[in-house]
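Hi,

Here is the structure I promised to pass on. Have a look at it first, and then read my notes underneath.

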Amino acid sequence: MWSYFLLMHYTNGDQGSYRLFYQALQSVPVGEVMPIALAYVSSEEPLSAFILWVGANLGLDKDVYVSILNLVLFVGGTLLLQKKIVHGMFLCWS
């Protein structure tokens, strides 16, 4: 998967902070997710923080987990576009 390949090799910048955030999530109860998100990645957006918390607490590798989430988002978006009758030439693989 292209997403996994990119995540695997991109370790600096934002990804460095998100890797530390993901590791920190492995040891915190759900009620402490938002303060940890604010401290590690300056985020107040709860949806992604809680989604990452689930993966971290399932023991999933961050790069694999985020790549799977990217795939689900891509496939879901493509199916939604097809359902809404978007012409095939506007889809990535057409």
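Which residues of H4 are buried? They are Ala49, Leu52, Gly55 and Ala56. Before I go on with those, please keep in mind that this is a predicted model, so everything below is computed from it.

**The overall picture**

The protein has five helices and zero strands, so if you walk along it from the N terminus the elements read α-α-α-α-α. Of its 94 residues, 28% count as buried. If you take the contacts with a separation of 6 or more, 46% of them are between residues 24 or more positions apart.

**Helix H4 and its buried side**

H4 covers residues 46-57. With twelve residues at 1.5 Å each, H4 should span 16 Å, and its end C-alpha atoms are indeed 16 Å apart, which agrees. Back to the buried residues of H4, which are Ala49, Leu52, Gly55 and Ala56. They cover an arc of only 125° around the axis, and that puts them on the same side of H4. This fits a general point: an α-helix has 3.6 residues a turn, so residues three or four places apart point the same way. What covers the buried residues of H4? The cover includes H2, H3 and H5.

Two of these residues are worth a click. Leu52, in helix H4, has a relative accessibility of 13%, so it counts as buried, the cut-off being under 20%. Setting aside neighbours within four places in sequence, Leu52 is in contact with Tyr18, Phe21, Tyr22, Leu25, Tyr65 and Val66. Gly55, also placed in helix H4, is buried with a relative accessible area of 0%. Not counting residues up to four places away in sequence, Gly55 touches Tyr22, Leu60 and Tyr65. Gly55 and Leu25 are 30 residues apart in sequence, yet their C-alpha atoms are 9.1 Å apart in space.

**How H3 meets H4**

H3 is the helix at 33-41. The axes of H3 and H4 come within 10 Å and cross at roughly 105°, which makes H3 roughly perpendicular to H4. On the H3 side the contact is made by Val33, Met34 and Ala37, and on the H4 side by Pro46, Ala49, Phe50 and Trp53. What kinds of residue are these? The contact of H3 with H4 has seven nonpolar residues, no polar ones and no charged ones. Ala49 turns up here as well as among the buried residues of H4.

**Helix H2 and how it meets H5**

H2 runs over residues 14-25 and H5 over residues 62-83. For the twelve residues of H2, 1.5 Å a residue gives an expected span of 16 Å, and the end C-alpha atoms are 16 Å apart, so the two agree. The buried residues of H2 are Gln15, Gly16, Arg19, Phe21, Tyr22, Ala24 and Leu25.

The axes of H2 and H5 come within 11 Å and cross at roughly 105°, so H2 is roughly perpendicular to H5. H2 brings Gln15, Tyr18, Arg19 and Tyr22 to this contact, while H5 brings Lys62, Asp63 and Tyr65. The contact of H2 with H5 divides into three nonpolar, one polar and three charged residues.

Tyr18 is a good residue to follow by eye. Tyr18 sits in helix H2 and, at 30% relative accessibility, counts as partly exposed. Beyond its neighbours within four places in sequence, Tyr18 is in contact with Val41, Leu52 and Lys62. The C-alpha atoms of Tyr18 and Leu52 are 9.7 Å apart, with their positions 34 residues apart in sequence. Tyr18 and Ala37 are 19 residues apart along the chain, and their C-alpha atoms are separated by 9.2 Å.

**One backbone oddity**

Last of all, look at Ser42, in the loop between H3 and H4. Ser42 has a positive phi of about 50° although it is not a glycine. For background, most residues other than glycine have a negative phi. Is Ser42 buried or exposed? At 61% relative accessibility, Ser42 counts as exposed.

Cheers

How values were computed:
Residues are numbered from 1 along each chain as its sequence is written. This is a predicted model: local features need pLDDT of at least 70, side-chain atom pairs count only at pLDDT 80 or more; totals for chains, interfaces and linings use all residues. Side-chain values use heavy atoms; hydrogens and water are left out. Axes are lines fitted to C-alpha atoms, for helices over the stretch in contact, and angles run from 0 to 180 degrees between N-to-C directions. Helices (H or I, at least four residues) and strands (E, at least two) are DSSP runs, numbered from the N terminus. Angles under 35 degrees count as roughly parallel, over 145 as roughly antiparallel, 65 to 115 as roughly perpendicular and the rest as oblique. Contact means heavy atoms within 4.5 Å. Ala, Val, Leu, Ile, Met, Phe, Trp, Tyr, Cys and Pro count as nonpolar, Asp, Glu, Lys and Arg as charged, and the others, Gly among them, as polar. The expected span of a helix is 1.5 Å times one less than its number of residues. Buried means under 20% relative accessible area, exposed over 50%, partly exposed in between (1.4 Å probe, protein chains only). The arc is that of the directions from the helix axis to the C-beta atoms.
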